[in-house]
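Got the structure open and wondering where to start? Let's walk through it together, beginning with some helix packing and then moving on to the sheets.

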Amino acid sequence: MSLVTRIALLICLAFSLSGLFGAHAQAHFTTDAGARLIHITKTKAEDGEAGLLIYLRIPGPLAYGNFLVRPQDQNNDQIPPFLKKEVIDGVPYFQLNQDSTRKKTAELADFLAKGYTFTINGEAIAGQARRAAFFSQAEHPDFVTPAGASKALADFQRQPDGTSDEPIYIVDALLDVEIFIPTDQPDSTLSIQSILPEIRLPPQITINNAAMDHRFDPPRTTQFTGQMLVPVQYDGSWLSSLGNFTWQGIWHIFIGLDHVLFVVCLALASGISTSILWSVTGFTLGHSVTLFLGNLGYSPQGAWFIPAVETAIALSILYAAILVLKRSPSEASSRTSIKRNLFLMAAFIGLIHGYGFSFVLGDLLGGGTNQLWLALIGFNIGVEIGQIAIVLAVFALLWITKKLNPVLPKGLAYISASIAIGLSLYWCWERTQSLTEALAL
């Protein structure tokens, strides 16, 4: 093992083990301010009503889809319900009419509830709007549990005069509503669908949704993207939850360009040989350890930790890309020493990437650990499926280019490694700035 490799492995090991000595922490709902959030719970027996309570927190633009898709109909005299218009430099901006809306929260609840339909076992049931509230993205109460959602609505109603004179523009608004679904089959399959017109969004913008079904113990967590234009079913199935977390693992490795680049470089450095098995196995074991530790709360909690992990991931890509330049993918070595070095290198670097994955999974869990083990298993399976797909794609490309010309695989590897080096250096510089700022706090 070369001196450079030894030093890199020791640095990775020291960095990863630091997580074991960090403060124990609970996950938090970091998607709270930017996603449509849903809580599903059964009514209590003492209430005397059989049915379900649905708590929705809706970002302002989603509640006004009817108006966003028909801008040509909005003349100077047409103002959407509960809003008022402000013209700045000739451009109209809509903000919540706070004074008027506080006096009409029942009407606001009806307005929000009419945007959704509900079915139990395929049978449509009219939802009954009960309470509503509005908040800003900057200042809003927690929406982590049904009890928290109910308290936020109750506290809002107890403050008829409001607590802030700051305007809340529709793009920064959060609208909460409580909807009662009467049914004598509260444990049956529930479907929720938005019936608002589709909002045409740029390709780079997605709408996130997070739902927790509290009819079951532990609650079932689901996260998905989209405008809910097709019914979303909640049946409490363990298989459905496992499938959701598995899909999230697949999705998040593909949208994480840094993780993709690292796996690509691993595949290129190994070439079409059994060496890749050692690399992938090592990386899997490494990131599995810190994925579990991170979500169990064993990680440093300082502001420096996340930018430090992101910087270390960028450095790992740089290191893997250099390995590609040092060794042609056509040189499939079977020496045990090389396989062992690849395994150790990938395992230690995997420890760092695992913390990166744990940040994502912490968001998906939505502030609790009720489904922690199911989430860890499903998410990890998804990550592995994504990794295998990337490796197979690289191998297929190497095989095709080799058939065309034996020199092409080496050129492909060098070009790919050069791109990875350029990106990793940029990320190192960018993330080091964030790390420096965090350390200065």
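Start with helix α8 (residues 257-270) and helix α10 (residues 305-326), which pack with their axes 8 Å apart at an angle of about 25°. Angles under 35 degrees count as roughly parallel, so α8 and α10 are roughly parallel to each other. The crossing of α8 past α10 is left-handed. If you want to see who touches whom, color the α8 residues Asp-258, His-259, Leu-261, Phe-262, Cys-265, Leu-268 and Ala-269. Their partners in α10 are Glu-310, Ile-313, Ser-316, Ile-317, Ala-320, Ala-321, Leu-323 and Val-324. Keep in mind throughout that this is a predicted model.

Helix α8 also meets helix α13 (residues 408-440): their axes come within 11 Å and cross at roughly 145°. This crossing, too, is left-handed. On the α8 side, the contact uses Leu-257, Asp-258, Leu-261, Cys-265 and Leu-268. On the α13 side, look for Ala-413, Ser-416, Ala-420, Leu-423, Trp-427 and Arg-431. Asp-258, Leu-261, Cys-265 and Leu-268 of α8 take part in the contact with α10 as well as in the one with α13.

Now zoom out for a moment. The protein chain has 13 helices and twelve strands. Of its 441 residues, 51% are buried. The accessible surface of the chain comes to about 21200 Å², and carbon and sulfur atoms hold 61% of that. What share of the contacts with a separation of 6 or more comes from residues 24 or more positions apart? In this chain, that share is 77%.

On to the sheets. One is an open sheet of six strands in the order β7-β8-β2-β1-β10-β11, and its pairing is mixed. Its edge strands are β7 (128-136) and β11 (220-225), each of which pairs on one side only. Going from neighbor to neighbor, the strands of this sheet are turned by 15° against each other on average, direction ignored. For a parallel pair, look at strand β1 (residues 36-42) and strand β10 (residues 208-213), which are joined over five bridges. There, Ile-38 stands opposite Ala-211 of β10. Helix α5 (residues 105-113) lies across β2 (51-59), β7 and β8 (173-182), and runs at about 100° to β7.

There is also an open sheet of four strands, ordered β6-β5-β9-β12, with antiparallel pairing. Here β6 and β12 (232-234) are the edge strands, each pairing on one side only. Neighboring strands in this sheet are turned by 30° against each other on average, again ignoring direction.

Strand β5 (residues 116-120) is a good place to linger. In a regular strand, side chains alternate between the two faces of the sheet. In β5, Tyr-116, Phe-118 and Ile-120 make up the covered face, while Thr-117 and Thr-119 are on the uncovered one. With strand β9 (residues 190-194), β5 pairs in the antiparallel sense over five bridges. Along that pairing, Thr-117 stands opposite Gln-193, and Ile-120 stands opposite Leu-190. With strand β6 (residues 123-125), β5 pairs in the antiparallel sense over three bridges, and here Thr-119 stands opposite Ala-124. Strands β5 and β6 form a hairpin with two residues between them, and Asn-121 in that turn has a positive phi of about 55°.

That brings us to backbone oddities. Most residues other than glycine have a negative phi. Which way does Phe-82 go, positive or negative? Its phi is positive, near 70°. You'll find Phe-82 in the loop between α3 (65-68) and β3 (83-88). Buried means under 20% relative accessible area, so Phe-82, at 16% relative accessibility, counts as buried.

Met-228 is another one to check: this residue is not a glycine, yet its phi is positive, at about 60°. Look for Met-228 in the loop between β11 and β12. With a relative accessible area of 4%, Met-228 is buried. Since β11 is an edge strand of the six-stranded sheet and β12 an edge strand of the four-stranded one, the Met-228 loop is a handy spot from which to look back at both sheets.

Definitions and conventions:
Residues are numbered from 1 along each chain as its sequence is written. This is a predicted model: local features need pLDDT of at least 70, side-chain atom pairs count only at pLDDT 80 or more; totals for chains, interfaces and linings use all residues. Side-chain values use heavy atoms; hydrogens and water are left out. Buried means under 20% relative accessible area, exposed over 50%, partly exposed in between (1.4 Å probe, protein chains only). Two strands pair if DSSP finds at least two bridges between them. Contact means heavy atoms within 4.5 Å. Accessible areas come from the Shrake-Rupley method with a 1.4 Å probe; for residues, only the protein chains shown count as cover. Axes are lines fitted to C-alpha atoms, for helices over the stretch in contact, and angles run from 0 to 180 degrees between N-to-C directions. Angles under 35 degrees count as roughly parallel, over 145 as roughly antiparallel, 65 to 115 as roughly perpendicular and the rest as oblique. A crossing is left-handed if the near helix is turned anticlockwise from the far one by less than a right angle, and right-handed if clockwise.
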